[in-house]
Amino acid sequence: MNAIRNRWNLPDLGVGIGLRTVHYGHILEKKPKVDWFEIISENFMYTDGRPLQILEQVNDQYPIIMHGVSMSIGSTDPINWDYMKRLKNLAARVKPAWLGDHVCWTGVNGRNGHDLLPIPYNEETLKHLVERIKIVQDYLERPIVLENPSTYMTFKASTMPEQEFIRRMAEESDCALLLDVNNVYVSCRNHHWDPWEYLEGVPYDRVVQIHLAGHTTKERYCLDTHDHPVKDQVWDYYADVMKRAGSRATLLEWDDLIPTFEDVHAEALKAQQYRPALKELKQAGAKKPRREPVPA
Amino acid sequence: MKRAKAGDYHRTISWVQEVVQHPQGAEAGIRSAKARRILPVTVEALEEMILPSPEASALERIDLYAGMYYARLVDIMAQDFTGVKFVMGEDAFREIAYEFVHRHPSTHPSLTHLGTKFPQYLLKEVPKLKHREFLVELARLEWSLEEAFDEMQAEPLTEAALQAVPPEQWAKAKLVAIPALRLHAFEYPVNDFFGAFREYTEGAPLPRVPKPKKSWMCAFRRNFSLRRMDLTREGYEVLSRLVAGKPLGKALDEVNALKGIKPAELAANLQTWFRDWTSLGLFSAVKLR
């Protein structure tokens, strides 16, 4: 096994699931044994009401990671400093081991489309993203963890494969990565990319987290719907990533047609069979997974 | 940070946004004057911009984003305005929400702000809207519940703190309302309708759009739960002046001077109102000069 520690020594939190409103009651009442939860940052950045109260209660019991959808790091609009301030304030409250968003843009010219829109992968956009990531990281005083998106179209202006763009972006900005293996499946399927070549090109020393999810295959597209169990092919990719990278904090996303907490958690725990055992990790020199959040 | 206005990338994503957010879909978006001003891409030569796949043309691929854009945001509107949707019917609501999303695109990082302008949109911008006045009021109520949900939590004023106010200082006392309080004066019994709608179960008689009848109410949050409460006209008039920051004496003077208010009745009810409003946690502090 080739266990690579991430360069920041950020912990392997184990297997977590997304914190969703339909499960609040169960989590607070039953206090189920779950390694960690991931939140959508924006759901807690613009409220002073019940969501924050719930978040504090959950955070008392479990490690929480912040994963956003509106940083719009790929936009050409000025960085939204009010957004950044709120993100930093929430991070000060939650104390996540890391926080992140997506390699995408969500709007431009003052608008927000609330979608994770694709970027042409070329030298111009690489320079643009690297510059913005550095500014954001300086402000947040920590590396940000950026996720490969699922996409449904590609640009003729792209001059390099997505994995190369993301690798160079991460290296030149010194950011961390979240590898969504379902997104790898979805994008590779939609664009006829070679998924094994994609996975070969990922800089695993920068990957601190893995996402798993279900998708829906249509006649012309594969859609990242997050409304199914994880498909076999995605588990195959996950197993491959575990072999290449060693164990990483892993999270199952389930955002639509959400079943019971137990069902979501059971699906997430299937990841355990692919994760290197603790003994193997120790032999490979990796640190024992820690439950407590650590400063980035 | 300086915006890369002139860059190819800025033009590319500005063009994608115009195309994806065009209300008639990507093809109409590409042909639109706005998109063509950004980049003179034609539908016929779209592959110069977007690559096709073996399964989908370049146009189909960008149109998928256009479809998802409206579907996603209209779904959010339907979640925020369940009562308005109930009255309009699913199809009519979705048509109106679709047009609203087109005319008032989101500019905020959070989707929770999407419907801010919807009540005003129903009032001013939707032609030939059946039950317009009622729907505007219902939308205002629903949006005020959304606002109350996210407002800052404030510790309610205690009965003891009220009792501690010296009687001679009451006239100049200012009561501070909790942030999560919204007051409404309606031309329709909106709260009654909304309650009936929320409690409606299949098989029961459908709640119907009521006839005009003035009503007053407040929406607020207590212990992180949203609540609604009917008010009398007098109670509303007093409470709205206190919320506006007026001292109690001045608020009462103004209300007493209103047409149709009976000072004796106002005086008789005042103590009960304050006891109820305090026990419900509508105030967070009392300020004395």
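Axes here are lines fitted to C-alpha atoms, for helices over the stretch in contact, and angles run from 0 to 180 degrees between N-to-C directions. Helices (H or I, at least four residues) and strands (E, at least two) are DSSP runs, numbered from the N terminus. This is a predicted model, in which local features need pLDDT of at least 70 and side-chain atom pairs count only at pLDDT 80 or more, while totals for chains, interfaces and linings use all residues. Residues are numbered from 1 along each chain as its sequence is written, and chains are lettered from A, with ligands numbered from 1, in the order in which they are written.

**Stop 1: the barrel of chain A**

Select E1, E2, E3, E4, E5, E7, E8 and E11 of chain A, which in that order close into a barrel of eight strands with parallel pairing; two strands pair if DSSP finds at least two bridges between them. From one strand to the next the twist averages 30°. To see where the barrel strands E1(A) (residues 15-18) and E11(A) (residues 249-253) meet, look for the three bridges that join these parallel strands, and, within E11(A), find Leu252(A) as the bridge partner of Ile17(A).

Now add helix H7(A), residues 181-191, as labelled with the interface elements of chain A. H7(A) packs on the sheet and touches strand E7 (176-180) and strand E8 (207-213) of chain A, its direction making about 65° with that of E8(A); residues count as in contact if their C-beta atoms, placed from the backbone, lie within 7 Å. Helix H10(A) (residues 261-269) also packs on the sheet, touching E1 and E11 of chain A, and its direction makes about 140° with that of E1(A).

**Stop 2: helices H5 and H6 of chain A**

Next select H5(A), residues 123-140, together with H6(A), residues 162-173, whose axes come within 9 Å and cross at roughly 40°. The two helices are therefore oblique to each other, given that angles under 35 degrees count as roughly parallel, over 145 as roughly antiparallel, 65 to 115 as roughly perpendicular and the rest as oblique. Their crossing is right-handed, the term for a near helix turned clockwise from the far one by less than a right angle, with anticlockwise giving left-handed.

Show side chains on both helices: Leu126(A), Leu129(A), Val130(A), Ile133(A) and Lys134(A) of H5(A) make the contact with Phe165(A), Arg168(A), Met169(A), Glu172(A) and Ser173(A) of H6(A). Coloured by class, this contact has six nonpolar, one polar and three charged residues, where Ala, Val, Leu, Ile, Met, Phe, Trp, Tyr, Cys and Pro count as nonpolar, Asp, Glu, Lys and Arg as charged, and the others, Gly among them, as polar.

**Stop 3: where chain A meets chain B**

Bring both chains into view, and 42 residues of chain A are found in contact with 46 residues of chain B. On the side of chain A, at least two residues each are supplied by helix H2 (42-45), helix H3 (50-61), H5, strand E6 (154-155) and helix H7 (181-191), and the largest share, four residues, comes from H5(A). The residues of chain A that touch chain B divide into 15 nonpolar, 18 polar and nine charged.

Zoom in on E6(A) and strand E1(B) (residues 50-51), which pair across the chains in the antiparallel sense over two bridges; here Thr154(A) has Leu51(B) as its bridge partner in E1(B).

**Stop 4: the two domains of chain B**

Colour residues 8-117 of chain B as domain 1 and residues 147-287 as domain 2, bounds that come from an automatic or database domain assignment. Their C-alpha centres lie 41 Å apart, and four residues of domain 1 are in contact with four residues of domain 2.

**Stop 5: the sheet of chain B and its helices**

Select E3, E4 and E5 of chain B, three strands that form an open sheet in that order with antiparallel pairing. E3(B) (181-186) and E5(B) (225-231) are the edge strands, each pairing on one side only. Six bridges connect E3(B) with E4(B) (residues 215-222), and in E4(B) the bridge partner of Phe186(B) is Ser215(B). Helix H10(B) (residues 190-199) packs on the sheet, touching E3, E4 and E5 of chain B, and its direction makes about 55° with that of E4(B).

Finish with H11(B) (residues 233-243), which lies across E3, E4 and E5 of chain B at about 135° to E3(B). The axes of H11(B) and helix H12(B) (residues 248-256) come within 9 Å and cross at roughly 140°, which makes H11(B) oblique to H12(B).

Conventions
Two residues are in contact if their C-beta atoms, placed from the backbone, lie within 7 Å.
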